[in-house]
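These are my notebook entries on a structure that was new to me. I recorded what I looked up, entry by entry.

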Amino acid sequence: MVRLQDLKQINRFEWEIPKSYREDMRVPVRIFATHQLLEQIKDDKSLEQAINAATLPGLVDRVVVMPDVHQGYGFPIGGVAATQLPHGVISPGAIGYDINCGVRLLASQIEFEAVKKDLSDLADSLNRLCPSGVGKKGHLRLKIGELERVCKDGSRWALKHGYATEADLRRTEEQGRLEGADPTKISKRAKERGRPQLGTLGAGNHFIEIDIVDQIFHQEAAQVMGLIEGYLVLMIHCGSRGFGHQICTDYVREFQAAVKRYSIQLPDRELVCAPLDSPEGQAYLGAMRGAANYAFANRQVLAHFARQAFEETLAGKIPNWHLHQVYDIAHNMGKIETHEVNGKPTEVCVHRKGATRAFGPGFQGLPPEYRSIGQPVLVPGSMGTASWVLVGTAESMKRSFGSTCHGAGRTMSRRKAKKTVWGEDLRKELQAQGIHIRAGSMAGLAEEAPQAYKDVDAVVETVAGAGIARKVARLRPVAVIKG
Amino acid sequence: MNPQSLSGYRELPHTADWELEVWAPDLATLFEQAARGMYQLCEAILVSHPRITRGIELIIIEPEILLIDFLTELIFLTESEGLAFDEFNLKFEGNRFIAHITGAKLESLSKEIKAVTYHNINIRETGSELKANIVFDV
């Protein structure tokens, strides 16, 4: 167990576990947290897992830990690690099973007060049109060839089939399509799992949420994004479903042998990896990009059906029920990026697992209207608490490989949450707060109770205080659809 | 003595996912308990009829990988066909693992296990029993 006295405090929001802490560490671990959050973080195995992550071959600079970090398996959820090309490794476990799990935000010109009475119907429509929950299949049935086109084209596939607009794609990370996806490196089983699930939310912590823009902190950025205080927005949180999970499962298994071939010693088998320039590393990269593209398309199709739900419920009642995309961003991903390492621009593979890319102003990959404000960062909270819109900063480029937090972060196990919270009571409690809940199971709802998470506001204040993101707007939920 | 009476499973606390500790006097019973524990975690309830049997055959590389492969097969059968199993006939023959498993369609499943991880997976001997800890991604 890592003790607080083993950590060196850098400033109010930053701590370090030095490389000397354990013999096999290749780089130090840098933690963004307040003292109070650190007290929570040290209660699980997050920091041990970050230290284990610091043993990956080819790492540069530091392993970064976000304030919403919690224990995962192998790599902590809320961790960032960069490995140098060409010989550094890529680790599927350091990206996660739900490849390109991410968040999409759509904004509206709908004033909350104007549709308050319609919210229950709107929640019902969203729940009906956006399939969610255990074992739910989607409206689409893809043949294998079509699925392979989704892998290659991502959101562009959705555009071609009428589920997207050009504006949606422009406001999606990588325009919703990673180059280099290779469906031939994806197993038949993964394709079988992915075929019926495109356009589905799944279960667990995934959700669709209607929020009100509660408070604006950065007027210029909010205006560019189309966020208006008191108006509705829609947030979608999900990933690559069984498709991504199977790809990760396949490659974690395959890399069990690869680490032996490349004589890589690791403290945890879930961290298995292969050099980026090896055939194994290249194969995983091609497959992972296919899953990432599937996830972009998945959120795009869900956005399409969410728009239908808004039209079905609100057309004729208000003049403008349309939803426009603010941004779509991944928080489980491996990306080849250039970052400054030891004063030199260096090509690295940034592993973000439960961490969001947060590129600062001037980044050319952003749509022109966002280049002066920085990349939007979407931070979902837990039901009943706030979610946040942030922007990346120049500081995040220097200190966290252009990354920031991804959510509130769990503090309580699912088991304990179910024992502590009764799902039906929680539903009534949230309803009393004016939050309409549609959930596939009450047990599942209890597991995701707000009490099971850290205070998202404290997480956001930490990344803002540390300078690795800037606050734009705080959102407050009024309807939540959960699997 | 019946190996079932010396075997079992229990859930251990895990912040975000699910961890199961499984024990048994032999490998086949350990695998069976792992499967039963996994279904218990997702609160799988089967319809009573019709009973359905499936065969699974896997190559043995090492026991830990085999255990994960076996559970991954079960997850796939749940996701693709809506099946879960409560009777297990598991055999090790040379480098092959042969499972005949009987169960039924799911009446309900309250949670979905999405993957079986390799996190700290280690089948170890403790006295007269085998033990393993398995972390599931949910």
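I began with the contacts within chain B of this predicted model. Among contacts between residues at least 6 apart in sequence, I found that 63% join residues at least 24 apart. Here, two residues count as in contact if their C-beta atoms, placed from the backbone, lie within 7 Å.

I then looked up the secondary structure. Chain B contains 2 helices and 9 strands. I noted their order along the sequence as β-β-α-β-β-α-β-β-β-β-β. The radius of gyration of chain B is 14 Å, close to the 14 Å that the globule rule gives for 138 residues, so chain B is as compact as a globular protein of that length.

Next I turned to overall dimensions and burial. Taken along the principal axes, the box filled by the C-alpha atoms of chain B is roughly 40 × 40 × 30 Å. I recorded that 41% of the 138 residues of chain B count as buried.

My last entry concerns the contact between the chains. How many residues does each chain bring to the contact? I found 27 residues from chain B and 33 residues from chain A. On the side of chain B that touches chain A, the elements that give two or more residues are α2 (63-81) and β9 (129-137) of chain B. I noted that α2(B) gives the most to this side, with 5 residues. By class, I listed 11 nonpolar, 9 polar and 7 charged residues on the side of chain B that touches chain A.

Terms used
Residues are numbered from 1 along each chain as its sequence is written. Chains are lettered from A and ligands numbered from 1 in the order in which they are written. This is a predicted model: local features need pLDDT of at least 70, side-chain atom pairs count only at pLDDT 80 or more; totals for chains, interfaces and linings use all residues. Helices (H or I, at least four residues) and strands (E, at least two) are DSSP runs, numbered from the N terminus. The radius of gyration is taken over C-alpha atoms; the globule rule is 2.2 Å times the number of residues to the power 0.38. A residue is buried if 20 or more other C-beta atoms lie within 10 Å of its own, exposed if 12 or fewer, and partly exposed in between; C-beta atoms are placed from the backbone. Ala, Val, Leu, Ile, Met, Phe, Trp, Tyr, Cys and Pro count as nonpolar, Asp, Glu, Lys and Arg as charged, and the others, Gly among them, as polar.
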